[in-house]
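Let's take a walk through this structure, stopping at a few loops, a couple of helices and a pocket. Keep the model open as you read.

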Amino acid sequence: MRGLPAEARVLLACHVNPDGDALGSMLGVLLGLRRVAGELGIGHLAATFPGPMRLPAPFDTLPGAGLLVAEEDADPAPDAMLVFDVASIERLGGLADRLRAAPVGIVLDHHASNPGFGRINLVDPAAAATSVLSDGLLRRLGVPLDPEIAECLYVALATDTGSFKFASTTPAVHELAARLIATGIPVGEISRRLFDTRPIGAVRLFGVALARTVLEREGAGGLGFAWTYLTLDDLAAHDQPPSAVEALIDTVRSVAEADVACVVKPVRAGEWSVSLRSKGAVDVSAVAVALGGGGHRFAAGFSAGGTVADVIAAIRALLPAPARAPGNGQD
C-alpha cells in the first residue's frame, strides 16, 4: 500500500452476497485505512460489493456499513483495489474488470481454491478467516486496533469459525479474538446478534426446510448425505429475504447420520445458491469447484441453474459412490 501515486484512488470490494467474513474483513480495513489515509497518500477511499446494495441482518449494523457505496457509484478506474474473501474473480461480478485494470490489485483470502488472480495475493488457506489476513495487513501498516475496527474483524472471525466451533479454531484464532475483545467490544451483544436472533418468519421458514430434509444414508460413500431446499414461494409465504436462511446449513449439518450436508436456496426463478458442509470425511470444496464454485474442504458453495433435482443429482454424482455390498464371487 505504500508507494501509491499522490491522492491515490483506492477501492475495496468483497464478493457478491457478502457474508460476515467478507463484510467484516473489508469494513475493518476500510476503517483502518481511513485512519492512515493521509500518511499513505490516499485521496479517495471507498468500499463496495457486486449486486444490490442491501446488507442482510445482522451485518447492517457493522461499523463502517454506512460508508459503503453502490457498485454503480464505485470508482471505475481505481489506482489500487483490494478484494476480500473472494475465492475466484467471477465472484466479483461486474467489478472484476476493475481489479484486472488496477495498477495495484491485492487479494486477501483464505480459500484453498483461490487460484491467485491478483497482482499481489495475500492468500493463506490455513487462515481461519479472511479477517486474519486483514488484521495482518493493518498491523503491517501500523494501524492500531480500536473498538470499531475490532468489532468488524471479530464478526468476521466468529462467523467463519462457527462461533469458534470449527476445526479451524486454533490457538492463534483465540489469540486474535483476545486482542479484539481487549478493545472493549460488547462480545455478548455481538454474539446474540450473529447467532441467536432471527424474526419469527425466519424461524417458521427454517421449520419448512427442516421438515423437508432428506437423509440418504448410503450417500457420500455410505457416510450419509442430508439435504434440503427452499423455494421463492417459501420465502414469499414467510415474507423473508434469501439472506434469512444463510444459517440453515448449520442446522442441517448437525444431522448425526450424515457427513455431508447441503442446502439449496433460491436466488431467482431457476437459479440457486448452494451451500455444502462436511464433518471431515469428504472434501466438499472439490464438489463445489467442479460445479463452478469454491470454498474450503469442509465448507463450500456454488451457484446453479435448473431444478432442485438437477442440482442434487449433480452433487450426488461428484460425491464418493455408495459402498457396494459384498458380492458372492460371481461378478
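Start in the loop between β1 (8-14) and α1 (20-40), which is where you'll find N17. Bear in mind that this is a predicted model, so the angles here are computed from predicted coordinates. The phi of N17 is near 50°, which is a positive value in a residue other than glycine. As for its surroundings, N17 is exposed, at a relative accessible area of 57%.

D239 tells a similar kind of story. Its phi is positive too, about 55°, although D239 is not a glycine. This residue sits in the loop between α9 and α10, and with a relative accessible area of 64% it counts as exposed.

One more loop deserves a stop, this time for its peptide bond. A57 and P58 are joined by a cis peptide bond, with omega at about 10°. If you want to find the spot, look for P58 in the loop between β2 (42-48) and β3 (80-84).

Now for the helices, beginning with α5, residues 171-181. Which of its residues are buried? They are V173, L176, A177 and L180. Look down the axis of α5 and these buried residues fall within an arc of 100°, so they line one face of the helix. What they pack against is α3 (130-140) and α4 (147-160). Turn to the other side of α5 and you meet P171 and E175, both exposed.

Helix α5 also leads us to a pocket. The second largest pocket has a volume of about 190 Å³, and 14 residues line it. Nearest its centre are V132, T170, A172, V173 and L176. V173 and L176 are familiar by now, as they were among the buried residues of α5. Which helix gives the most to this lining? That would be α5, with five residues, while α3 and α5 each supply at least two. Sorted by class, the lining of this pocket comes out at seven nonpolar, three polar and four charged residues.

Stay with α3 for a moment, because S134 is found in that helix and its 0% relative accessibility makes it count as buried. What does S134 touch, leaving aside residues up to four places away in sequence? The contacts are S25, V29, F84, L108 and L153. Another residue to check from here is D109: S134 and D109 are 25 residues apart in sequence, and their C-alpha atoms are 9.0 Å apart in space.

Last stop, helix α7, which runs over residues 200-211. This helix has 12 residues and reaches 17 Å from its first C-alpha to its last, close to the 16 Å expected at 1.5 Å a residue. Its buried residues are G201, A202, L205, F206 and A209. They cover an arc of only 140° around the axis, which puts them on the same side of α7. And what covers them? The cover includes β7 (225-229), α9 (232-237) and α10 (248-252). You've come across α9 and α10 already, as the loop between them holds D239. On the other side of α7, I200, R204 and A211 are exposed.

Methods. Residues numbered from 1 in each chain as written. Predicted model: local features only at pLDDT ≥ 70, side-chain atom pairs only at ≥ 80, totals over all residues. Heavy atoms only, no water. Helix = DSSP H or I, 4+ residues; strand = E, 2+ residues; numbered from the N terminus. Expected span 1.5 Å × (residues − 1). Buried < 20%, exposed > 50% of the residue type's maximum accessible area, 1.4 Å probe, protein only. Arc of directions from axis to C-beta. Contact = heavy atoms within 4.5 Å. 1 Å grid on protein atoms, 1.4 Å probe; cavity = no way out; pocket = protein on both sides within 12 Å on 5 of 7 lines; lining within 4 Å. Points joined across faces, edges and corners; volume = space filled by probe spheres on them. Nonpolar A, V, L, I, M, F, W, Y, C, P; charged D, E, K, R; others polar.
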